[in-house]
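Reader: Please pick one part of this model and take a close look at it, including how it sits in the rest of the chain. I would like the cut-off behind each term.

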Amino acid sequence: MERIINNDILNFLLDNHLISRHQHGFIGKRSTCTNLLECLHDWSINLQSRRQTNAVYFDFKKVFDSVSHPKLLIKLKAYGIAGNLFEWISDFCIIDSSVLN
């Protein structure tokens, strides 16, 4: 069930240009490995062209353990996720429901 919901939401977000097609996480046939390969390719091109390249690294190891559920639900609602699907997702979140009204 979760896989079906995930695929439908992802397709909705991509079809409505609400998430970049350059996103690597949670997109089929893309991963941290494809992201690193794409970065390596870009860096190699810049090195060959003698262009300055800066890199910033973030450690998102536990990012999903600390995602703000109220902010997530507000964003989903703003993206047009509503009705039974929204209620189903919000049932998994620990929030004060007054935040959404």
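**Packing around the last helix**

Author: In this predicted model, helix α1 (residues 2-15) packs with helix α4 (residues 83-90) at an angle of about 120 degrees, their axes being 12 Å apart. This angle makes α1 oblique to α4. The crossing of the two is left-handed. From α1 the contact takes Glu-2, Ile-5 and Ile-9, and from α4 it takes Leu-85, Trp-88 and Ile-89. Sorted by class, these are five nonpolar residues, no polar ones and one charged.

The terms used so far have these rules. Helices are DSSP runs of H or I with at least four residues, strands are runs of E with at least two, and both are numbered from the N terminus. Axes are lines fitted to C-alpha atoms, for helices over the stretch in contact, and angles between N-to-C directions run from 0 to 180 degrees. Under 35 degrees counts as roughly parallel, over 145 as roughly antiparallel, 65 to 115 as roughly perpendicular, and the rest as oblique. A left-handed crossing has the near helix turned anticlockwise from the far one by less than a right angle; clockwise gives right-handed. Contact means heavy atoms within 4.5 Å. Ala, Val, Leu, Ile, Met, Phe, Trp, Tyr, Cys and Pro are nonpolar, Asp, Glu, Lys and Arg are charged, and the others, Gly among them, are polar.

On the source: residues are numbered from 1 along each chain as its sequence is written, and side-chain values use heavy atoms, without hydrogens or water. Local features need pLDDT of at least 70 and side-chain atom pairs count only at pLDDT 80 or more, whereas totals for chains, interfaces and linings use all residues.

Helix α4 also packs with helix α3 (residues 69-78), at an angle of about 170 degrees and with the axes 11 Å apart. The two helices are therefore roughly antiparallel. Here Leu-73, Leu-76 and Lys-77 of α3 meet Phe-86, Ile-89 and Ser-90 of α4. That contact divides into four nonpolar residues, one polar and one charged. Ile-89 is thus listed in the contact with α1 and in the contact with α3.

Trp-88, one of the α4 residues facing α1, also takes part in an aromatic pair. The count of such pairs is one, where rings of Phe, Tyr and Trp (its six-membered ring) pair if their centres lie within 6.5 Å, and planes under 30 degrees apart are stacked, over 60 edge-to-face and the rest tilted. The ring centres of Trp-88 and Phe-92 are 5.1 Å apart and the planes stand at 75 degrees, so the pair is edge-to-face. Trp-88 is partly exposed, at 27% relative accessible area, and Phe-92 is exposed, at 53% (buried is under 20%, exposed over 50%, partly exposed in between, with a 1.4 Å probe and protein chains only).

As for the rest, the protein chain has four helices and zero strands, in the order α-α-α-α. Of its 101 residues, 16% are buried. One buried residue is Asn-46, at 17% relative accessibility, in helix α2 (residues 32-48). Leaving aside residues up to four places away in sequence, Asn-46 touches Arg-51 and Thr-53. Among contacts between residues at least 6 apart in sequence, 38% join residues at least 24 apart.
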